[in-house]
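Colleague: Please take a close look at one part of this model, the disulfide bonding, and set it in the context of the fold. How many disulfides does the count come to?

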Amino acid sequence: MRSLATAIALGLLAVPAFAAAPKEKAPDPYAGRPEARINFVNNGGILGYSTRRENDEDILYIEAAGRTWYRARFFGFCDDARFANAIGFRADATGGLDRFSSVYVRHDRCALRSVIRLTPDEAVSLKLRPPPRAAQAAS
């Protein structure tokens with residue numbers, strides 16, 4: 001019985017030696033960009049959205065009027081953001097959405113940490129919108 005207890009104790013001591021080292025996050029390619037604001041959220045200013053998992057965090061891509069795409073990051077985790085059928089946008093008093101706003105996913109409120117505007121080339125490379133017709137004809 002004593003040898004069983006010793007074996008268990010030694011096994012528990014060995015566990016940290018085999019634990020995987022935490023993987024480092026890749027640097028954010030959008031760091032240092034100016035914060036953006038989406039206007040007229042309450043009046044049809046948002047046409048659609050897409051959620052993705054990047055670098056161990058959920059990212060919300062928002063298509064605004066004029067087919068302009070924005071990238072929003074959450075504070076912490078936003079459970080079920082990638083699997084929700086609908087997302088509610090909570091605008092500020094002037095009807096805009098920025099880094100101080102939040103979104104509702106199912107019955108959870110998720111605060112936004114940053115909102116940046118994407119260039120048309122970035123939106124195409126992320127496959128958020130189809131490439132222009134000229135680029136389709138060339139390929």
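Modeller: From the N terminus on, the elements run α-β-β-β-β-β-β-α-α, that is, three helices and six strands. Helices (H or I, at least four residues) and strands (E, at least two) are DSSP runs, numbered from the N terminus. The model is predicted, so local features need pLDDT of at least 70 and side-chain atom pairs count only at pLDDT 80 or more, whereas totals for chains, interfaces and linings use all residues. Residues are numbered from 1 along each chain as its sequence is written, and side-chain values use heavy atoms, with hydrogens and water left out. The pLDDT (the predictor's confidence in each residue, from 0 to 100) averages 81 over the chain, and 79% of the residues score at least 70. By element, strand E3 (residues 68-74) has the highest mean, 93, and helix H3 (residues 133-138) the lowest, 55.

To your question: the count comes to one disulfide, where a disulfide is a pair of cysteine sulfur atoms within 2.5 Å. The two cysteines are Cys 78 and Cys 110, with an S to S distance of 2.1 Å. Their link is right-handed, with 80° about the S-S bond. Cys 78 lies in the loop between E3 and strand E4 (87-90) and Cys 110 in strand E6 (residues 108-117), so the disulfide ties together parts that are 32 residues apart in sequence. Both ends are buried (under 20% relative accessible area; exposed is over 50%, partly exposed in between, with a 1.4 Å probe and protein chains only): Cys 78 has 2% relative accessibility and Cys 110 has 6%. For the chain as a whole, buried residues make up 34% of the 139 residues.

The loop that holds Cys 78 also holds Phe 83. Phe 83 is exposed, at a relative accessible area of 53%. From Phe 83 to Val 105 the C-alpha to C-alpha distance is 9.3 Å, across 22 residues of sequence.

On the other side of the link is the sheet. Six strands form an open sheet in the order E1-E2-E3-E6-E5-E4, with antiparallel pairing. Strand E1 (46-54) and E4 are the edge strands, each pairing on one side only. From one strand to the next the twist averages 35°, as an angle from 0 to 180 degrees between N-to-C directions, with axes fitted as lines to C-alpha atoms (for helices, over the stretch in contact). Two strands pair if DSSP finds at least two bridges between them. E6 pairs with E3 over five bridges in the antiparallel sense, and with strand E5 (residues 102-105) over four, also antiparallel. Toward E3, Ser 114 of E6 is the bridge partner of Arg 73. Toward E5, Val 103 stands opposite Cys 110, and Ser 102 has Ala 111 as its bridge partner. The hairpin of E5 and E6 has two residues between the strands, and in it Arg 106 takes a positive phi near 55°.

Next, the packing around the link. A contact means heavy atoms within 4.5 Å. Leaving out residues up to four places away in sequence, Phe 74 touches Glu 57, Asp 58, Leu 60, Ala 81, Val 103, Cys 110, Ala 111, Leu 112 and Arg 113. Phe 74 also belongs to the largest nonpolar core, which has 22 residues; among the members that touch the most others are Phe 74, Leu 60, Phe 89 and Val 103. Strand E2 (57-64), E3, E4, E5 and E6 each supply at least two residues of this core. Such a core is a set of buried Ala, Val, Leu, Ile, Met, Phe, Trp, Tyr and Cys residues joined through side-chain atoms within 4.5 Å. A second, separate core has nine residues, including Tyr 61, Leu 118, Ala 123 and Leu 128. In the chain, 55% of the contacts with a separation of 6 or more are between residues 24 or more positions apart.

Two loop residues may be worth a look for their backbone. Phe 40, in the loop between helix H1 (2-18) and E1, has a positive phi of about 60° although it is not a glycine; Phe 40 is exposed, at 57% relative accessibility. Asp 56, in the loop between E1 and E2, is likewise not a glycine and has a positive phi of about 65°; at 39% relative accessibility, Asp 56 counts as partly exposed.
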